[in-house]
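The following report describes selected local features of one protein chain, moving from backbone and secondary structure to surface and charge.

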Amino acid sequence: MSLLHVAIIVPFLWAVLTPLLSGLLRRAHTGWLVLPVPAVLFVWFLLRIPEITQGKALRSSVEWMPSLGIDFTACMDGLGLLFALLITGIGTLVVLYSIFYLDKSKESLRHFYVYLLLFMGAMLGVVLSDNLMVLYGFWELTSVSSFLLIAFWHTRDKSRYGAQKSLLITVFGGLAMFAGFLLLYAMTGTFSIRETIAQAHDIAGQTLFVPAMLLILLGAFTKSAQFPFHIWLPDAMEAPTPVSAYLHSATMVKAGIYLVARLSPVFAGQAEWFWIVSGFGLATLVYGSATAIRQTDLKAMLAYSTISQLGLVMSLLGLGSASAFFAGAGDSLLYAKATAAAVFHLINHAVFKGALFMAVGIVDHETGTRDLRRLGGLMRLMPITFTVALIGTFSMAGLPPFSGFLSKEMFFTAMLNVQRLDLWSLRSWGVVFPAVAWAASVFTFVYSMIVLLRTFAGKLQSDKLGRKPHEAPLGMLIPPVVLASCAVVFGLFPNLLTYSLLEPAMAAILPDLLAQGERFHVSIRLWHGWTPEVFMTIGVVLAGAALYKLYGRLNVLQRPKTGGLWLNRLYDGGLGAAETFAYRLTARYMTGSVRHYLIYIFVFFGVALGAALLLSNGIRFDTSRYAPVSFYEAAAALFMTAAAVAVPFANSRLTAIILTGAVGYMVTLFFILFRAPDLALTQIIVETVSVALFLLCFYHLPKWKKETARPRFKLFNFLVAAGAGAIVTLIALGASSGGAFESISHYYVEESYRLAGGKNIVNVILVDFRGFDTMLEITVLGIASLGIYALVKLRLDPPLPRKPAEA
Amino acid sequence: MEGLMSLCIGILFAVGVYLILSKSLLRIILGTSLLTHSVHLLLMTMAGLKTGAAPLLGEKAKAVVDPLPQALILTSIVISFGVTAFFFVLAYRAYQTLGTDDVEELRGDEDE
């Protein structure tokens with residue numbers, strides 16, 4: 001147990017304590033109780049930077065399930081630290097923001113903060129676990145807590161819909177990822193990520209390698225809202241804005257990115273990994289940015305923007321994986337720049353997207369709407385929010401001098417570098433990468449400008465707003481201002497980050513590239529000369545501005561059109577179809593008719609036993625041991641069979657009962673013929689009593705339904721019955737055609753008198769050799785008689801009203 | 001003899017199954033009764049028929065028939081009688097309470 005473990009567990013402990021403490025301190029906002037947790041953790045993680053930059057990794061293990069190889073191993077390297085800082089840092093700001101955002105008297109704050117703390121702890125667990133199983137556990141916990149947070153306003157239909165959708169999709173991916181982990185375990189024999197990476201070269205060619213990769217990527221893509229699994233993210237915007245800012249821009253949606261980065265050392269250097277990760281990333285990038293333009297709701301627009309930016313980071317991770325292919329060669333560091341860009345943009349995105357969500361939340365809070373068609377002209381009324389939004393959107397669009405500009409330049413560099421790769425048929429396809437990236441950047445510029453200008457510029461539409469807008473309270477403004485300042489500071493002094501966070505994170509993602517003791521040297525400068533990237537950015541601005549003008553004139557924004565509709569329809573239709581299918585299937589075979597169920601049973605009986613008989617050569621017909629048939633016995637057999645066959649054809653029930661009784665007496669006769677006097681005695685008594693009981697039943701039949709007509713012959717029933725009879729005959733023939741071994745009965749015959757002192761062997765077996773059978777058989781009779789007594793005597797329910805006779 | 005008995009057993013079984021698949025509760029009980037007979041005869045036949053005298057040591061016969069299946073069948077007769085008797089009374093109570101003996105009418109609610 002180390003401090004690292006404590007850091008992961010503290011949020012959970014606090015989640016338990018929060019409801020108790022908030023009950024004691026009724027007057028304070030619960031958020032103030034929660035605020036110290038992420039703040040202290042953030043400071044603690046900040047203080048770990050020196051150790052991590054020196055290349056050390058904090059690592060400590062606690063036994064959990066040693067027999068299964070599952071230990072709670074906490075491990076922090078550069079990548080883990082980067083994520084831990086994001087989680088706790090933005091967590092602190094979000095808690096502060098939520099204190100002013102959520103009303104103490106109207107909202108159920110205890111629930112909110114318990115869920116939020118659960119999420120924070122789970123997220124820290126995901127990024128700081130070295131054991132794949134523990135990571136999976138925390139991963140699912142993030143899904144569950146996110147589900148709870150999205151449906152925080154659970155009285156709204158849309159919240160519940162969004163929560164259900166996100167849970168279904170992320171848990172689907174989570175389970176796929178779990179299967180992928182198990183496949184990895186099957187290949188390596190360890191759940192430890194570190195040890196798996198050490199074996200990466202051995203497992204690369206194995207048959208399970210590609211399935212494991214695909215399953216794990218499925219988990220990462222669903223969590224990180226990659227195309228086409230992004231559909232849950234826009235619907236998750238029903239959550240309170242602090243949740244959207246925290247989970248759906250800065251942390252949870254980056255869990256998939258984390259997973260891809262973390263397992264890059266295992267899978268990188270493979271063509272499949274390169275193409276899938278960068279291909280899906282690019283598709284998501286373009287799709288998200290193009291769809292974002294068409295939104296009218298600010299949060300939906302930011303949701304699609306998040307999707308597209310996550311795609312950007314994902315594609316960069318894919319490109320960076322190419323460097324693993326050239327491990328050791330001089331070129332590798334060139335491609336590793338893509339990884340640097342991914343990590344850098346990851347930080348930038350968390351910063352500016354958090355700020356933007358908070359700014360949108362302020363706008364929503366102060367005007368009562370997030371609809372772009374009703375907003376406008378808030379610049380003078382809300383100057384601070386406007387400044388935050390300006391920095392955020394410019395950073396998102398990639399304009400200087402903000403941090404987004406730098407990561408965009410690095411993104412272009414990485415995309416242009418692709419053309420210099422000469423593997424995996426990139427020579428012919430490499431051109432596509434920068435072109436797609438450039439187009440997506442144009443879209444990004446356009447929606448960034450829409451967010452900014454449609455909200456803050458133009459005319460104020462006072463009549464369409466619910467309340468009179470004014471600047472937000474100070475506490476609500478602090479978090480976004482802090483984040484916006486970060487965007488500026490990182491833009492002007494990027495090297496603050498490079499040494500402390502970027503280089504250790506890259507060392508964690510690309511461990512093979514460096515020799516022992518070496519370090520990455522990432523240098524990011526605000527101005528790096530007249531490179532092609534700069535001209536691409538100028539082109540983005542020009543084209544974006546033109547497109548914005550054009551879109552404004554075409555009034556596309558006035559169309560209430562939500563993008564991704566067809567995928568949503570596919571999802572909804574798929575869910576509905578699955579439900580209908582299951583319902584119809586069940587309704588088709590679960591008819592409620594006993595006859596149908598009996599037919600299933602007998603058909604299965606016939607088919608299964610018939611197949612078994614055929615396959616095991618059980619059908620035999622060996623007459624050598626047969627006893628001779630006398631005329632008398634043949635006649636008895638004929639009578640018995642005739643009586644039995646006549647039962648279904650009997651016109652009245654009385655006849656049927658008498659025929660069944662006849663069969664029973666013929667069976668008695670056979671017992672006599674086959675030398676079984678005790679059986680014959682018992683059978684004749686039982687048969688007599690049974691027939692009496694039958695007649696009792698018959699006498700009490702309801703009068704108006706007395707069946708006298710001959711029952712109709714049913715062919716299907718006949719076939720089923722004939723099949724069952726044939727199978728039984730085959731079994732009887734096979735069994736009587738020569739035994740595999742001798743009977744044990746000679747023991748009973750010899751020892752009956754000597755050991756038990758009885759000459760009637762059957763009786764001796766019943767009460768002496770196998771007395772337990774008899775005891776339990778007596779119990780059966782006792783239970784039956786008690787049951788009958790209870791049935792007759794107990795009349796707890798009033799009799800149901802009798803149904804009128806149906807025609 | 002065993003061949004002939006096998007055929008009889010099969011026919012009894014088939015008739016029993018056919019009756020069980022019918023609508024009337026009474027016929028279903030008759031069917032189970034026939035099934036029981038068929039199974040008892042099957043037990044008897046499988047051990048071999050007419051291989052000696054009745055299993056009584058006082059007979060002083062050279063060979064006796066296998067006593068073990070007889071003991072098993074005796075147990076089975078009693079158990080099936082108990083079950084059948086219970087089933088009868090259940091059917092009788094069902095007539096009294098529900099007023100029908102048609103199994104197709106004895107269904108639960110639609111949304112069960």
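The expected span of a helix is taken as 1.5 Å times one less than its number of residues, while helices (H or I, at least four residues) and strands (E, at least two) are DSSP runs numbered from the N terminus. This is a predicted model, in which local features need pLDDT of at least 70 and side-chain atom pairs count only at pLDDT 80 or more, whereas totals for chains, interfaces and linings use all residues. Residues are numbered from 1 along each chain as its sequence is written, chains are lettered from A and ligands numbered from 1 in the order in which they are written, and side-chain values use heavy atoms, with hydrogens and water left out.

**Helices**

Helix H6 of chain A covers residues 109-128, and for its 20 residues the expected span of 28 Å agrees with the 28 Å that separates its end C-alpha atoms. Of these 20 residues, 17 are buried, so that H6(A) is mostly covered; buried here means under 20% relative accessible area, exposed means over 50%, and partly exposed lies in between (1.4 Å probe, protein chains only).

In helix H32 of chain A (residues 745-756), the buried residues are A:Ser745, A:Tyr748, A:Glu751 and A:Ser752. Seen down the helix axis, these buried residues fall within an arc of 140°, and they therefore line one face of H32(A); the arc is that of the directions from the helix axis to the C-beta atoms. An α-helix has 3.6 residues a turn, so residues three or four places apart point the same way. A:Glu750 and A:Arg754, on the other side of H32(A), are exposed.

Helix H31 of chain A (residues 715-736) contains A:Thr729, which is buried at a relative accessible area of 12%. The C-alpha atoms of A:Thr729 and A:Ile391 are separated by 88 Å, the two residues being 338 residues apart along the chain.

**The hairpin**

Strand S1 (residues 58-65) and strand S2 (residues 70-76) of chain A pair in the antiparallel sense over seven bridges, where pairing requires that DSSP finds at least two bridges between two strands. Within this pairing A:Ser60 stands opposite A:Ala74 of S2(A), and A:Ser61 has A:Thr73 in S2(A) as its bridge partner. The two strands form a hairpin with four residues between them, and A:Gly69 in the turn has a positive phi of about 75°. Because six of its seven residues are buried, S2(A) is largely enclosed by the rest of the structure.

**Backbone exceptions**

Most residues other than glycine have a negative phi, and most peptide bonds are trans. Against that background, A:Ala225 has a positive phi near 55°, and A:Arg675 has a positive phi near 65°. A:Ala225 is placed in the loop between H11 and H12 of chain A and is buried at a relative accessible area of 0%, whereas A:Arg675 is in the loop between helix H29 (653-673) and helix H30 (677-699) of chain A and is partly exposed at 33% relative accessibility. The loop between helix H11 (209-223) and helix H12 (232-235) also holds A:Pro228, and a cis peptide bond with omega about 0° joins A:Phe227 to A:Pro228.

**A nonpolar surface patch**

A:Phe581, A:Leu585, A:Tyr589, A:Met590, A:Tyr600 and A:Ile601 form a nonpolar patch on the surface, with about 630 Å² of accessible area together. Helix H26 (565-589) and helix H27 (594-615) of chain A each give two or more residues to the patch, and the largest share, three residues, comes from H26(A). A:Phe581 is located in H26 of chain A and is exposed at 57% relative accessibility. Patches are made of residues with over 30% relative accessible area and no salt bridge, with like charges joined within 9 Å and nonpolar side chains (Val, Leu, Ile, Met, Phe, Trp, Tyr) within 5 Å; accessible areas come from the Shrake-Rupley method with a 1.4 Å probe, and for residues only the protein chains shown count as cover.

**Salt bridges**

With a salt bridge defined as a side-chain nitrogen of Lys or Arg within 4 Å of a carboxyl oxygen of Asp or Glu, the count comes to twelve over all chains. Three of these pairs are listed here.

| Salt bridge | N to O distance |
|---|---|
| A:Arg59 and A:Asp130 | 3.2 Å |
| A:Asp103 and A:Lys106 | 3.9 Å |
| A:Arg770 and A:Asp773 | 2.9 Å |

Salt bridges that share partners join A:Arg59, A:Asp77, A:Asp130, A:Arg194 and A:Arg262 into one network.
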